[in-house]
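Biologist: Could you take me through one part of this model up close? I'd like to start with a single helix and see what it connects to, in plain words please.

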Amino acid sequence: PDPVIVPKSETYVNQVLSWVKVRSPFRHEEGRSGPVTLEHVIEKNPDIYSVSWCGTPWNEYDEQSVMDRYANSGTKFVQDSNRIFKLWEGEIGHPSLRLLDGARRVLDQRKRLGI
């Protein structure tokens, strides 16, 4: 998606991620969520990058577009394409019991990567 939207300090997403020992690099920034620039993502250099796009069908989530966008950035997540993964917005984007599924999906990805 363009622009890239990330969870910031005032969102339950940070708590969900904490259940599986993951922290958003944007968790200290003011607001619920909001757009960030390519340069800001590069500066934060996250270990993993989830593709979750509100209102977009699962089959249109595109990890390759993330690889292409950040190809020459030197970020951790482009060093290994497995660090970019789909996370259905229904599992992370809405407060419900599905948040447990979203947390499990992130934990599974961490375990696969050994991080």
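Modeller: Let's go straight to helix H6, where Arg-104 and Asp-101 both sit, 3 residues apart, or about one turn of the helix. Keep in mind that this is a predicted model. Arg-104 and Asp-101 form a salt bridge, and their closest N and O atoms are 3.1 Å apart. How exposed are the two partners? Arg-104 has a relative accessibility of 47%, so this residue counts as partly exposed. Asp-101 comes out at 33%, and therefore counts as partly exposed too.

Now look at Leu-100, which also belongs to helix H6, the stretch covering residues 98-113. With 45% relative accessibility, Leu-100 is partly exposed. Together with Trp-19 and Leu-97, Leu-100 makes a nonpolar patch of about 360 Å² on the surface.

Further along, helix H6 also holds Gln-109. Is Gln-109 buried or exposed? Its relative accessible area is 5%, and because buried means under 20%, Gln-109 counts as buried. So what does Gln-109 touch? If you leave out residues up to four places away in sequence, Gln-109 touches Asn-82 and Phe-85.

Just ahead of this helix there's a loop worth a glance. Pro-95 is in the loop between H5 and H6, and this proline is exposed, with a relative accessible area of 65%. Here's a nice example of how a chain folds back on itself in space: Pro-95 and Tyr-12 are 83 residues apart in sequence, yet their C-alpha atoms are 7.9 Å apart.

Helix H6 also takes part in lining the largest pocket. That pocket holds about 1200 Å³ of space. If you wonder how anyone spots such a space, rolling a probe the size of a water molecule over the atoms shows where empty space is left. Who lines the largest pocket? There are 43 lining residues, and Ile-5, Val-6, Pro-7, Val-13 and Ser-50 are the ones that lie nearest the centre. At least two lining residues come from each of these elements: strand E1 (4-7), H1, H2, E3, helix H5 (89-92) and H6. The largest share, 4 residues, is supplied by E1.

Back to salt bridges for a moment, since the one in our helix has company: the structure holds 3 of them. One of them joins the side chains of Lys-44 and Glu-29, at 3.8 Å from N to O. This pair links distant parts of the chain, with Lys-44 in helix H2 and Glu-29 in the loop between H1 and E2, 15 residues apart. Lys-44 is partly exposed at 31% relative accessibility, whereas Glu-29, at 19%, counts as buried. That 19% sits on the buried side because the cut-off for buried is under 20%.

Another salt bridge brings together the side chains of Asp-47 and Lys-76, 3.1 Å apart from N to O. Asp-47 lies in the loop between H2 and E3, and Lys-76 is in helix H4 (residues 76-79), so this bridge ties together parts that are 29 residues apart in sequence. Both ends have some exposure: Asp-47 is partly exposed at 37% relative accessibility, and Lys-76 is partly exposed at 38%.

To finish, two loop residues have an unusual detail in their backbone angles. Lys-21 has a phi near 60°, which is a positive value in a residue other than glycine. You'll find Lys-21 in the loop between helix H1 (13-19) and strand E2 (33-36), and with a relative accessible area of 69% this lysine is exposed. Asn-45 has a phi near 50°, again a positive value in a residue other than glycine. Asn-45 is in the loop between helix H2 (38-44) and strand E3 (49-51). At 24% relative accessible area, Asn-45 is partly exposed.

Methods: Residues are numbered from 1 along each chain as its sequence is written. This is a predicted model: local features need pLDDT of at least 70, side-chain atom pairs count only at pLDDT 80 or more; totals for chains, interfaces and linings use all residues. Side-chain values use heavy atoms; hydrogens and water are left out. Patches are made of residues with over 30% relative accessible area and no salt bridge: like charges are joined within 9 Å, nonpolar side chains (Val, Leu, Ile, Met, Phe, Trp, Tyr) within 5 Å. Accessible areas come from the Shrake-Rupley method with a 1.4 Å probe; for residues, only the protein chains shown count as cover. A salt bridge is a side-chain nitrogen of Lys or Arg within 4 Å of a carboxyl oxygen of Asp or Glu. Buried means under 20% relative accessible area, exposed over 50%, partly exposed in between (1.4 Å probe, protein chains only). Contact means heavy atoms within 4.5 Å. On a 1 Å grid over the protein atoms alone, a cavity is a set of points where a 1.4 Å probe fits but cannot get out, and a pocket is an open set with protein on both sides within 12 Å along at least five of seven lines; lining residues have an atom within 4 Å of a point. Grid points are joined across faces, edges and corners, and a volume is the space filled by probe spheres set on the points.
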